[in-house]
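Work through the exercises below with the sequence and the structure open side by side. Try each task before reading its solution.

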Amino acid sequence: MFVYLLLLTVTVTVEAQRVPGQQKTDSCLCKINSSIWTFPAFRFEDVTRQVQICEDALNEFEEKVRNTNAELPMMEATLQNISARLKAFDYLYTSGLYSALHLRQLNQELEQIHQSVNETHTQNPNKETHNLLIELNKAKNDVQRMYRDDFFNLETMKKRLRELNNRAQSCKTIPNDFRTCHQRIMTRISSPSITKLNSISKSYISGAWGRDALLSNKERYWEHCLVSGHKHGNTIRMYNSREDFMANNNYKDEEIAPSYRHENAVQGSGTILYNNTVFYQCYSTAEICSFDITTQATKRVQLAGAGIDNKFPFCYYSCHDWTDIDLEADHDAVWVIYATEENHGNIVVSRLDPLELNITHTWKTHLFKRSVTSTFMMCGVLYATRYVNAYQEEVFYAFDTTTGQEVNTLSLPFEKVSAGIANLNYNPVDGRLYMYNDAYLLAYDTFF
């Protein structure tokens, strides 16, 4: 019998195990303890799981790389397109021209206001103009700081400039009776004291009417109806007494222009009569015309930046076409109410010298013109109305040109006979409001 020794090596522990054996027939039989070679199944499963996670993460990353590679050409093309579109404006950034132009404009406006206030202060020194000059100097210093520090907040500066400008306008030389109204803000409007249909036809739903607004003039009533799509007109009907007006008797149609399409024809319903002179928007232009009935002479003045052709009409409930420019008369001045893009469609009020027909003062409000149905001027105060229903209107807003203050808390209701208002104007002679209410003519007493 032969005894064999089997030498086994365990690689994990690097240890050798000698196992004796016996030969039986042609075989060698050995008894081996295999516990030290037990396969680490749990460890293998854990390693396999980690490998799988790594493979999944790697596959996901490879997928992202492939997608990114596919998107890069499109992103590059988009970037090149944007760069090409902006290339024309590179010089504005590199030269600082965009900011510089806006600041230069602010500087110019500040200089104009400063010069105007300084002239007023030189003629009539007072604390108000002195304080305003100090604030204007501060504003100019702030603009210079914006230049120096390359810091721009143009909207805030524009708002500040608008407020300073309104204060400067109020400081300008204005006749004494302009500032000495009994009270500043109206408190009540009566029921209609006059209600009648216009003298031509119920189909003439747009126009204006009233009484000559000059205090020294004799009683003279007028009526102006628009034709040609409720847009144009070229005549004004004149009455020498209230009795004639109510009875549609003894009137005279004065020709303002030879035809509805003449350059001196009337556009829109914002007409007013002051000192026997008709003030109105000139045909299809941002200009104010004045037609002297006595001399038959027409003057014109440009209204810079004014929106026309239904760009900024009176709206609120529904827009009333061709009401972009509204003329009003008060004491010894004519007012024009309009809106500009520069003032974001908000109402602008300008005071006109009725003799020279030039703009003497301009105020900018925060009231969006399309949010109101009509406006009128009373004692240097702008009033705005809004639609309540087909038979009621409400004065809800006032802007005092003397103080530059806005009042948003008014609630002065008054009656009407139809929904649409083509014109509303105040007459300082009799203290009445005159309304062209679709085809109807209404008048109201006012109270302070």
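The exercises cover disulfides, aromatic pairs, charges over rings, a cavity and backbone angles, all in a predicted model.

**Exercise 1. Disulfides**

Find how many disulfides the structure has, and state which cysteines they join and what handedness each one shows.

Solution.
- Step 1: Apply the cut-off. Two cysteine sulfur atoms within 2.5 Å make a disulfide. The count comes to two.
- Step 2: Name the partners. Cys-282 is joined to Cys-289, with 2.0 Å from S to S. Cys-315 is joined to Cys-319, with an S to S distance of 1.9 Å.
- Step 3: Read the torsions. About the S-S bond of Cys-282 and Cys-289 the torsion is about 120°, so this disulfide is right-handed. For Cys-315 and Cys-319 the torsion is about 95°, so that disulfide is right-handed.

**Exercise 2. Cysteine exposure**

Decide for Cys-282, Cys-289, Cys-315 and Cys-319 whether each is buried or partly exposed.

Solution.
- Step 1: Set the limits. Buried means under 20% relative accessible area, and exposed means over 50%, with partly exposed in between.
- Step 2: Take the first disulfide. Cys-282 has a relative accessible area of 0%, so it is buried. Cys-289 is at 0% relative accessibility and therefore counts as buried.
- Step 3: Take the second disulfide. Cys-315 is buried, because its relative accessible area is 6%. Cys-319 is at 40%, so it counts as partly exposed.
- Step 4: Check one further cysteine. Cys-225 has a relative accessible area of 10%, so it is buried.

**Exercise 3. Aromatic pairs**

Classify the pair of Trp-209 and Tyr-434, then the pair of Phe-414 and Tyr-444, and locate the partners in the chain.

Solution.
- Step 1: Start with the total. The whole structure has nine aromatic pairs.
- Step 2: Classify Trp-209 and Tyr-434. Their ring centres are 4.8 Å apart, and the planes meet at 85°. Planes over 60 degrees apart count as edge-to-face, and this pair is edge-to-face.
- Step 3: Locate both rings. Trp-209 belongs to strand β5 (residues 207-211) and Tyr-434 to strand β24 (residues 432-437), so the pair ties together parts 225 residues apart in sequence. Trp-209 and Tyr-434 are both buried.
- Step 4: Classify Phe-414 and Tyr-444. The centres lie 5.3 Å apart with 80° between the planes, and the pair is edge-to-face.
- Step 5: Locate these two rings. Phe-414 is in strand β22 (residues 412-415) and Tyr-444 in strand β25 (residues 440-447), 30 residues apart. Phe-414 has a relative accessible area of 3%, so it is buried. Tyr-444 is at 0% and therefore counts as buried.
- Step 6: Look for a cluster. Ring pairs link Trp-209 and Tyr-434 with Tyr-221, Tyr-239, Phe-245 and Tyr-251.

**Exercise 4. Charges over rings**

Identify the ring beneath the charged end of Arg-188 and the ring that Lys-231 lies over.

Solution.
- Step 1: Follow Arg-188. Its charged end sits over the ring of Phe-447, at 4.0 Å from the ring centre.
- Step 2: Follow Lys-231. The residue lies over the face of Trp-322, 4.1 Å from the ring centre.

**Exercise 5. The cavity**

Describe the largest cavity by its space and its lining.

Solution.
- Step 1: Count. One cavity of 30 Å³ or more is present.
- Step 2: Size it. The largest cavity holds about 70 Å³ of space.
- Step 3: List the lining. It has 13 residues, and those closest to the centre are Phe-314, Thr-323, Asp-326, Ala-422 and Asn-423.
- Step 4: Assign elements. β10 (266-274), β18 (374-378) and β23 (423-427) each give two or more residues to the lining.
- Step 5: Sort by character. The lining has five nonpolar residues, seven polar and one charged.

**Exercise 6. Positive phi**

Place Asn-310 and Leu-357 in their loops, and state the phi and burial of each.

Solution.
- Step 1: Asn-310 is not a glycine, yet its phi is positive, about 65°. This residue lies in the loop between β13 (298-302) and β14 (326-330). Asn-310 has a relative accessible area of 21%, so it is partly exposed.
- Step 2: Leu-357 is not a glycine either, and its phi is positive at about 55°. The loop between β16 (346-353) and β17 (358-368) holds Leu-357. Leu-357 is at 4% relative accessibility and therefore counts as buried.

Terms used
Residues numbered from 1 in each chain as written. Predicted model: local features only at pLDDT ≥ 70, side-chain atom pairs only at ≥ 80, totals over all residues. Heavy atoms only, no water. 1 Å grid on protein atoms, 1.4 Å probe; cavity = no way out; pocket = protein on both sides within 12 Å on 5 of 7 lines; lining within 4 Å. Points joined across faces, edges and corners; volume = space filled by probe spheres on them. Helix = DSSP H or I, 4+ residues; strand = E, 2+ residues; numbered from the N terminus. Nonpolar A, V, L, I, M, F, W, Y, C, P; charged D, E, K, R; others polar. Phe/Tyr/Trp six-rings, centres within 6.5 Å; stacked < 30°, edge-to-face > 60°. Buried < 20%, exposed > 50% of the residue type's maximum accessible area, 1.4 Å probe, protein only. Lys NZ or Arg CZ within 6 Å of the ring centre and 35° of its normal.
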